[in-house]
Amino acid sequence: MASLASFSTISSSSAARLSSLRNSSSNSFVLTKSSPNSIKLLSTPPRQYKRLVLKAKANSVIDAPTTSYINDVSDSPKVLLEVKDLTAKIADSGEQILKGVNLVIYEGEIHAIMGKNGSGKSTFSKVLVGHPDYEVTGGTVLFKGENLLDMEPEERSLAGLFMSFQSPVEIPGVSNSDFLNMAYNARRKKLGFPELGPLEFYDYISRRLKIVNMDTNFLNRNVNEGFSGGEKKRNEILQLAVLGADLAILDEIDSGLDVDALQDVGEAVNELLTPQKSVLMVTHYQRLLDIIKPKFVHIMEDGKIVKTGDISIAVQLEKEGYKGISS
């Protein structure tokens, strides 16, 4: 779920196989850390599923899947992500980027990370989703109480972690409809839900398209191929809307967007928020925070979070720059 093509473009052979699986509800695909240059197709035989009984509306079985403590009657928010003393380096060069990151995110919270270029913001995001370009050298990361660092990227995705990248890649030969259908049903299968048939999925995704203000004709286009910058960012948020992540990491979704597109994307994210779902935003600008309002703003510097506060930090940063933010 770490965006469409999490870490690489799809291989031509995988694209051909994926295209041949159009409208198949018994296949799913995920990206693998061990094979970062291709998409791994997992053929899943038909099986009987036990339909989950939820307390929500009757058609909730075809709503966005979630792993958020369905049977817990407690009103107290739970820790969703807990990062302690996380260090990481670039795998190829060995350059240390993260130098002891500490962060705790509870259910329903919105956090923003700001900082100068090269401070480690995007690296931190990519390490959380298991990007193969980076190697963790120390610290711990718990996601819903489980050791995130022990999980492969696809396991993190199916567990409810999503990342929207700054520059989403194109996947020629694969339609948005096919991709979203298989990715969504893979997550449903993981959670014990039955897979959706074509008509059920079309109904489900049509409602999500409205959230991001996109036309249904978009589904027939290949993933990000020939998309404008704004369309790519909307597509990322559409994936988030379809997949129903518990923690969405948004890495500079505001970059390259005009005022109207930014408003649409920001409002779409707000519409997806629930008391159980959280957001971690990486941004340089207060304009995004004026739409998606964070509870906490963190300043990152030299691979560490050096200051945490509320939205007033971003306001101060807008006026005075980083020199005005004392650590």
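**Aromatic pairs and a helix–helix contact**

Both F218 and F227 are buried. In this predicted model, the rings of these two residues form a tilted aromatic pair, with 5.4 Å from centre to centre and 50° between the planes. The structure holds three aromatic pairs, and another of them joins Y184 and F201. This pair is likewise described as tilted, its centres lying 6.0 Å apart and its planes meeting at 45°. Y184 belongs to helix 4 and F201 to helix 5, so that the pair links distant parts of the chain, 17 residues apart. Y184 and F201 are both buried. Ring pairs also bring in Y204, and the outcome is a cluster of Y184, F201 and Y204.

The members of this cluster reappear in the packing of two helices. It is helpful to recall that two packed helices are described by the angle between their axes and the distance between the axes. For helix 4, spanning residues 176–191, and helix 5, spanning residues 198–211, the angle is about 105° and the axes are 11 Å apart. Because angles of 65 to 115 degrees count as roughly perpendicular, helix 4 and helix 5 are placed in that class. On the helix 4 side, the contact is made by S177, L180, N181 and Y184; on the helix 5 side, F201, Y204 and I205 take part. Sorted by character, the residues of this contact comprise five nonpolar and two polar ones, with no charged residue among them. Y184, F201 and Y204 thus appear both in the helix contact and in the ring cluster.

A wider view of the chain gives these details their setting. Nine helices and 14 strands are found in the chain. Of its 327 residues, 52% are buried. Among contacts between residues at least 6 apart in sequence, 73% join residues at least 24 apart.

A word on confidence is in order for anyone planning to work with the coordinates. The average pLDDT of the chain is 78, and 76% of the residues score at least 70. Over residues 4–73, however, pLDDT stays under 50. For that stretch the model has 159 contacts beyond four places in sequence. Where pLDDT is low, the predicted coordinates should not be read in detail.

How values were computed:
Residues numbered from 1 in each chain as written. Predicted model: local features only at pLDDT ≥ 70, side-chain atom pairs only at ≥ 80, totals over all residues. Heavy atoms only, no water. Axes fitted to C-alpha atoms, helices over the stretch in contact; angles between N-to-C directions. Helix = DSSP H or I, 4+ residues; strand = E, 2+ residues; numbered from the N terminus. Parallel < 35°, antiparallel > 145°, perpendicular 65-115°, else oblique. Contact = heavy atoms within 4.5 Å. Nonpolar A, V, L, I, M, F, W, Y, C, P; charged D, E, K, R; others polar. pLDDT = per-residue confidence, 0-100. Phe/Tyr/Trp six-rings, centres within 6.5 Å; stacked < 30°, edge-to-face > 60°. Buried < 20%, exposed > 50% of the residue type's maximum accessible area, 1.4 Å probe, protein only.
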